[in-house]
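Trainee: Could you take me through one helix of this model in detail? I'd like to hear what surrounds it and how it sits against its neighbours.

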Amino acid sequence: MSSCRLCLLWTSVLIGTTVLLTGCLSNYDAAVGRLSPAEQAEFSLYRQVMTGAQTRAYLAKASAAERTAYLNELGLAQRFQRLDPQDREAVRSGAPRVGMSADALRLVWGDPAETAGDARHYARWQYLGSSLGRSAHYHPWDSANRVEVYLAHNQVLGWMDVLPIGDHGGECQGQGC
């Protein structure tokens, strides 16, 4: 009897959490949809580096002027303006490019899931998901695939998608791969 109650309790918690999260996503989409096209484009420049709290605060602002002032307060607008023109264009397009700065890459894809090394010298950053088909609105980071980005002297040298091979989800590490 008590295990049945426990099962019912956990089922209720799971359903409630699902409903809550679904509501949050639709609220987010609705809030972004209320922005003008120009504001949506501006938001897409910064959304990868904004925390959840910063995103909620930005979307809760009553006017475009307040939202722009908030981006300035966070230093994000200045961060974008410090990029060279080619990097700003890459961030606007949502696609990385060889030679872009490490900061521009963060604006495009956000913070990496893992890092090794120091981008000022030589580093490898790993992002979850695939680089294929990414755009400013693409976000389903998939933990099975990853992208390894190689950087030196704060610039992107290149990247490579690493896909799992076989049913075991591991990488091919031997001959005949």
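Mentor: Here's a close look at helix α7 and its surroundings, with another helix pair afterwards for company. Keep in mind that this is a predicted model.

Helix α7 covers residues 102-109 and is mostly covered, with six of its eight residues buried. Those six are A102, A104, L105, L107, V108 and W109. As for what does the covering, the list includes the helices α2 (37-46), α5 (76-82) and α6 (85-93), along with the strands β2 (122-128), β3 (146-152) and β4 (155-162). Right after α7 comes G110, which has a positive phi, near 85°.

Now for the core. The largest nonpolar core has 33 residues, and the members touching the most others are Y46, W125 and V149. The biggest contribution to this core comes from α7, which puts in six residues. V149 links back to our helix: setting aside neighbours within four places in sequence, its contacts include L105 and W109. V149 also touches A123, R124, W125, Y127, V156, G158 and W159.

Next, the partner helix α6. The axes of α6 and α7 are 8 Å apart, and the helices pack at an angle of about 15°. Angles under 35 degrees count as roughly parallel, so α6 and α7 get that label. Their crossing is right-handed. On the α6 side the residues involved are D87, A90 and V91, and they meet A104, L107 and V108 of α7. By class, that contact has five nonpolar residues, no polar ones and one charged. A bit of helix geometry is handy when you look at such a contact: an α-helix has 3.6 residues a turn, so residues three or four places apart point the same way.

For another helix pair, look at α2, one of the elements covering the buried residues of α7. It packs with helix α4 (residues 64-74) at an angle of about 20°, and the axes of α2 and α4 are 12 Å apart. That angle makes α2 and α4 roughly parallel too. The crossing of α2 and α4 is left-handed, whereas that of α6 and α7 is right-handed. From α2, the residues E39, E42 and Y46 meet A64, R67, T68 and L71 in α4. Sorted by class, the α2 and α4 contact holds three nonpolar, one polar and three charged residues. Y46 ties this pair to the core as well, since Y46 is among the residues that touch the most other core members.

Methods. Residues are numbered from 1 along each chain as its sequence is written. This is a predicted model: local features need pLDDT of at least 70, side-chain atom pairs count only at pLDDT 80 or more; totals for chains, interfaces and linings use all residues. Side-chain values use heavy atoms; hydrogens and water are left out. Buried means under 20% relative accessible area, exposed over 50%, partly exposed in between (1.4 Å probe, protein chains only). Helices (H or I, at least four residues) and strands (E, at least two) are DSSP runs, numbered from the N terminus. Contact means heavy atoms within 4.5 Å. A nonpolar core is a set of buried Ala, Val, Leu, Ile, Met, Phe, Trp, Tyr and Cys residues joined through side-chain atoms within 4.5 Å. Axes are lines fitted to C-alpha atoms, for helices over the stretch in contact, and angles run from 0 to 180 degrees between N-to-C directions. Angles under 35 degrees count as roughly parallel, over 145 as roughly antiparallel, 65 to 115 as roughly perpendicular and the rest as oblique. A crossing is left-handed if the near helix is turned anticlockwise from the far one by less than a right angle, and right-handed if clockwise. Ala, Val, Leu, Ile, Met, Phe, Trp, Tyr, Cys and Pro count as nonpolar, Asp, Glu, Lys and Arg as charged, and the others, Gly among them, as polar.
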